[in-house]
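Trainee: Pick one sheet in this structure and give me a close look. Then work outward from there.

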Amino acid sequence: MGRLSSAISCLNKSLSRLISGCQASPYTIWHCFLLIYKCFGNLRYFDYITVVNIRMFKNKYLVPSINMVNTIANSIDKVVLINTVAGKGVIDEGKQSSSLRLIQEALKESGYETVLLYPANPISSVSAVFGGLNRMVDDLEAKLKNEWNIVFGFSVYTGTYWVFQEIAKLIKKKFPFSTIVAGGPHFARESIFDSDGVRCLDSVEVALSETHEERQITDFVVVGDAQPFIDFIVKYQGKYPKLSGIQGMYKRNENDVVGQGKGSFPQVSIIPYIYQDITYYGKKARDVSVYFDEICNNGCDYCCVSQLRKKIPQDLAVKSISSILNKAKGKAEIVTLHFSDSNPLEINRISQYKTLIDSLRTQTTLQIYSTFFLDPGLLIDNNYYGELMDFFKAYNVLGLFIGRECVDKNVAERIGRKFKGRIRTQEQLDMEFEGIRKLLSEWRYSQHNYLSQHSPISQHSPISPYVFIAYIFTPFDTNESTKRIIEESSVLENMSTSTLSVYLNHFILTPNSGTTLRRLYSRYLRNPENFKDITQFTNVWSYELGPQVYFLDQLPSILNMPTKGENKQESIERCKFFYDTLREELEFAYKMHKPTNPVISK
């Protein structure tokens with residue numbers, strides 16, 4: 001405490017000289033501030049040190065002068081929401097996250113408007129690796145040079161955790177007295193164990209324990225929805241109430257993590273859906289990303305979305321989307337609503353989307369198109385298949401996203417691939433593939449013709465539908481099931497024509513934080529506490545699971561290969577090279593590494 005007392009005394013003397021008009025060294029002042037900060041960890045916790053307003057000193061120095069630190073502690077200068085997420089909730093890699101826009105709107109409606117969304121575009125992985133983060137934080141420093149007490153908010157997916165960590169470290173270095181709050185789907189409380197039976201830290205504990213240069217990086221973590229962050233800013237002015245806490249917000253207290261429960265969805269009068277204006281087939285168009293009914297009754301073990309049970313009231317959704325469409329008058333001729341809900345076309349839920357679109361049609365003259373996620377299990381029911389085809393035509397469905405995921409019943413059981421809460425059988429999986437083939441065969445003509453006849457787009461550039469189909473390579477696949485994934489993918493991708501674009505996406509099974517999959521198989525992860533290496537294109541599974549894992553090791557460099565060319569022949573050649581490469585790597589993995597036949601226990 002002797003060094004602390006000396007620092008406080010020196011600080012007060014230097015600032016007294018400054019206030020009285022005498023010269024004082026900025027280096028001395030900053031040294032004292034940093035020494036005090038190192039002793040206590042955060043200036044906001046001081047009640048007895050005084051700080052005066054910030055003023056310019058000797059042209060280029062900003063010198064914190066002394067008055068009550070509570071002057072700083074009790075008022076937030078700026079809230080900055082850092083845009084790192086490019087994925088679900090983002091139309092493409094160049095647009096804002098809908099989660100951050102929701103937080104911004106909730107703060108605005110609570111009377112807090114000094115919020116900065118930064119940067120305008122999410123940081124890409126390539127930019128992050130090649131110096132983009134440093135340039136971003138340098139630019140941020142210039143924008144916030146006159147701000148003192150800043151709260152930085154992040155929305156984090158497991159696949160973007162490493163980007164969050166790198167940015168947060170740079171922010172702590174540039175803004176040593178700032179507060180960093182992290183939230184998003186990545187953070188969940190869970191109890192998991194490694195291969196030795198030792199309990200591992202969960203994502204919340206890991207984030208709150210990460211340090212850089214002996215300083216804690218993340219100050220608080222929000223689990224669940226964003227209301228705790230709103231309360232932290234508006235109700236508590238950036239100060240964590242020690243006695244009551246904040247439901248859904250967690251902090252570190254010495255060696256323990258303090259907090260409880262999950263956060264609720266913020267109450268807002270309008271949903272700030274994100275959109276972008278584009279040129280589509282020579283026509284001005286507005287693309288809108290919409291979430292409406294984020295409830296999936298399948299409950300797959302590997303899906304982090306299955307933990308969410310969120311539904312937007314229909315009148316609020318109509319009001320919010322109509323506001324965006326009204327602003328498009330004179331700027332666009334058509335609009336595409338991209339419904340990002342996980343399983344919107346379930347038999348008992350499709351009617352609400354009909355009602356929503358019907359309501360929107362009465363309020364705009366714009367031609368409305370739509371895109372949806374489609375569970376292939378819905379294609380098995382012949383009666384419902386016909387209803388789906390009628391819906392696609394009547395509601396101008398332009399694009400579909402189909403999660404085929406796996407082809408083998410044993411893999412379905414391992415990863416918890418379910419349909420209406422039950423593991424899919426081999427018969428179901430086989431029928432799903434035939435259902436997808438049937439859909440592509442019929443839809444490429446009927447939907448193309450229907451859209452072309454009923455669109456304002458020139459007949460010289462007729463509008464055509466598109467389908468994305470996703471498969472997951474897992475460590476539980478065998479040589480045979482992996483071959484089938486490759487063959488199925490090749491067949492489906494080659495069904496792409498001038499009247500229907502078919503795209504295949506392949507991913508590596510990701511043990512997302514908080515999922516049942518992660519809890520069941522944490523002992524088969526190389527390092528269950530290392531979230532920095534987890535993405536949809538990296539392999540974190542243990543070699544104990546056999547040659548399939550060695551095959552997964554080779555996938556990151558292969559999955560980024562383009563399969564579409566400038567013309568049909570080039571696309572055919574690229575597809576052939578892609579799938580031939582997958583076959584060669586699979587054959588090599590099983591040739592070099594014999595199956596271990598591990599007894600996999602849940």
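**A sheet and its surroundings**

Mentor: Glu 405 has 12% relative accessibility, so it counts as buried. The cut-off for buried is under 20%. Keep in mind that this is a predicted model. Glu 405 belongs to strand β20. Its backbone deserves a look. Phi is positive, about 65°, although the residue is not a glycine. Most residues other than glycine have a negative phi. Asn 396 is another such case: its phi is near 50°, again positive and again without being glycine. Asn 396 sits in the loop between α12 (382-394) and β20 (397-405). At 4% relative accessibility, Asn 396 also counts as buried.

Now the sheet itself. Where does β20 fall in the strand order of the open sheet? Seven strands build this sheet, in the order β14-β15-β18-β19-β20-β23-β24. That puts β20 between β19 and β23. The pairing is mixed. The edges are β14 (274-280) and β24 (501-508), each of which pairs on one side only. On average, neighbouring strands are turned by 20° against each other, with direction ignored. Strands of a sheet pair through backbone hydrogen bonds, either parallel or antiparallel.

Go to the β14 edge. β14 and β15 (residues 283-290) run antiparallel and are joined by seven bridges. To fix the register, use Tyr 275, which stands opposite Val 288 in β15. A helix packs on this sheet: α10 (residues 314-327). It touches β14, β15, β18 (334-339) and β19 (367-374). The direction of α10 makes about 160° with that of β15. Strand β15 also holds Ser 289. With 7% relative accessibility, Ser 289 counts as buried. From Ser 289 to Gln 276, the C-alpha to C-alpha distance is 9.0 Å. The two are 13 residues apart in sequence.

Next, the cysteines. How many disulfides does the structure hold? Zero. A disulfide is a covalent bond between the sulfur atoms of two cysteines. The cut-off here is a sulfur pair within 2.5 Å. Cys 406 is in no disulfide, and the nearest cysteine sulfur, that of Cys 300, lies 8.7 Å away. Is Cys 406 buried or exposed? It counts as buried, because its relative accessibility is 1%. Cys 303 is partly exposed, with a relative accessibility of 25%.

There is a further open sheet to place beside this one. Its seven strands follow the order β4-β3-β5-β6-β11-β12-β13, with mixed pairing. Here the edge strands are β4 (115-118) and β13 (256-258), and each pairs on one side only. The twist averages 25° from one strand to the next.

Look inside that sheet, at β6 (residues 179-183). Five of its five residues are buried, so the strand is largely enclosed by the rest of the structure. In a regular strand the side chains alternate between the two faces of the sheet. In β6, Thr 179, Val 181 and Gly 183 point one way. Ile 180 and Ala 182 point the other way. Both sets are buried. Strand β5 (residues 150-155) pairs with β6 in the parallel sense, over five bridges. There, Phe 154 stands opposite Ala 182. Contrast the pairing further along the order: β11 (residues 220-222) and β12 (residues 249-253) run antiparallel, joined by three bridges. Lys 251 in β12 is the bridge partner of Phe 220.

Last, a helix pair. Helices α15 (residues 479-493) and α18 (residues 568-592) pack at an angle of about 180°, with axes 11 Å apart. Angles over 145 degrees count as roughly antiparallel. That is why α15 is roughly antiparallel to α18. Which residues of α15 make the contact? They are Asn 479, Thr 482, Lys 483, Ile 486, Glu 487, Ser 489, Ser 490 and Glu 493. From α18 come Cys 575, Tyr 579, Leu 582, Arg 583, Leu 586 and Tyr 590. By class, the contact has six nonpolar, four polar and four charged residues.

Technical notes. Residues are numbered from 1 along each chain as its sequence is written. This is a predicted model: local features need pLDDT of at least 70, side-chain atom pairs count only at pLDDT 80 or more; totals for chains, interfaces and linings use all residues. Side-chain values use heavy atoms; hydrogens and water are left out. Buried means under 20% relative accessible area, exposed over 50%, partly exposed in between (1.4 Å probe, protein chains only). Axes are lines fitted to C-alpha atoms, for helices over the stretch in contact, and angles run from 0 to 180 degrees between N-to-C directions. Helices (H or I, at least four residues) and strands (E, at least two) are DSSP runs, numbered from the N terminus. Angles under 35 degrees count as roughly parallel, over 145 as roughly antiparallel, 65 to 115 as roughly perpendicular and the rest as oblique. Contact means heavy atoms within 4.5 Å. Ala, Val, Leu, Ile, Met, Phe, Trp, Tyr, Cys and Pro count as nonpolar, Asp, Glu, Lys and Arg as charged, and the others, Gly among them, as polar. Two strands pair if DSSP finds at least two bridges between them.
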